[in-house]
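Please open the model in the viewer and keep the sequence panel beside it. The tour proceeds by selections, each followed by a short account of what is there.

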Amino acid sequence: MERMEEYIIMEETAALVPKYDEYGRLGTIVYELYNTYNVERSPKEIMQQSCRYYGSTYEGKVHAAKHILGIRQMVPISVCEALRLYFFPTCSPDSDRCIWIAQSHIKTIQPYEKKKTKVILKNKQELIVDMQKGTLEGKMYKTAMLIFTLQQRMMNNYEK
């Protein structure tokens with residue numbers, strides 16, 4: 001697995017999984033369609049840096065998603081609408097256990113052991129998430145609502 005200091009989310013990015021290194025520093029295992037990277041930044045730092053790269057702020061994306069969806073916490077965000085980069089957190093983004101998953105890379109989800117879910121990505125990689133299947137489906141639904149709402153708003157502007 002290749003090691004990197006920094007990483008910008010792109011179309012191939014499927015998931016950002018937190019992992020502590022041998023020195024106790026929080027980093028990220030980045031799952032892409034064809035590669036896996038070990039990045040020295042936390043998942044939240046990667047999200048923040050990627051939002052800035054695409055011309056916005058993480059805080060702005062979170063605020064907008066809260067407004068659009070009418071929810072207060074753990075909102076999905078659109079890192080970049082033009083590239084359709086939509087991710088949702090598995091728990092509080094401030095938690096060192098938070099995994100960020102790209103909605104577009106999920107093939108299927110299955111219940112796994114007690115109160116866990118297996119996420120099977122389109123490239124057949126598997127992630128085990130500490131939440132029940134129904135809770136994960138709810139997060140996927142909220143992400144789909146964000147995608148739909150933003151796409152509808154863009155289409156309404158083209159029709160005028």
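Helices and strands here are DSSP runs numbered from the N terminus, a helix having at least four residues and a strand at least two. The structure is a predicted model.

**The whole chain**

Begin by selecting the entire chain, coloured by secondary structure. There are 3 helices and 10 strands. The chain has the radius of gyration of 15 Å, close to the 15 Å that the globule rule gives for 160 residues, so the chain is as compact as a globular protein of that length. Following the sequence, one meets the order β-β-β-β-α-α-β-β-β-β-β-β-α. The C-alpha trace spans about 55 × 35 × 30 Å along its principal axes.

Next, display the surface. About 9300 Å² of the chain is exposed, and carbon and sulfur atoms supply 48% of that area. Among the 160 residues, 44% count as buried. If the charged side chains are then coloured, 23 positive and 19 negative ones appear, and the centres of the two sets lie 8 Å apart.

**The loop after α2**

Select the loop between α2 (58-69) and β5 (77-80), and find methionine 74 within it. What is the phi of methionine 74? Methionine 74 has a positive phi of about 50 degrees, although it is not a glycine. Most residues other than glycine have a negative phi. Is methionine 74 buried, partly exposed or exposed? The class of partly exposed runs between 20% and 50% relative accessible area; methionine 74 belongs to it because its relative accessibility is 31%.

**The loop after β8**

Move to lysine 115, in the loop between β8 (106-112) and β9 (116-121). This residue also is not a glycine, and its phi is positive, about 60 degrees. Lysine 115 counts as exposed because its relative accessibility is 55%.

**The hairpin of β9 and β10**

Now select β9 and β10 together. These two strands run antiparallel and are joined by 4 bridges. They form a hairpin with 4 residues between them, and lysine 124 in the turn has a positive phi of about 75 degrees. To see one of the pairings, select valine 119 and its bridge partner in β10, leucine 127.

Finally, show the side chains of β10 (residues 126-129). Which residues make up its covered face? Leu127 and Val129 are on the covered face, whereas Glu126 and Ile128 are on the uncovered one. Leu127 thus appears twice on this tour: on the covered face of β10 and as the bridge partner of valine 119.

Notes. Residues numbered from 1 in each chain as written. Predicted model: local features only at pLDDT ≥ 70, side-chain atom pairs only at ≥ 80, totals over all residues. Heavy atoms only, no water. Buried < 20%, exposed > 50% of the residue type's maximum accessible area, 1.4 Å probe, protein only. Rg over C-alpha atoms; globule rule 2.2 N^0.38 Å. Areas by Shrake-Rupley, 256 points an atom, 1.4 Å probe, with all protein chains shown as cover. Lys, Arg positive; Asp, Glu negative; His and termini not counted. Charge placed at Lys NZ, Arg CZ, Asp CG, Glu CD. Pairing = 2+ DSSP bridges.
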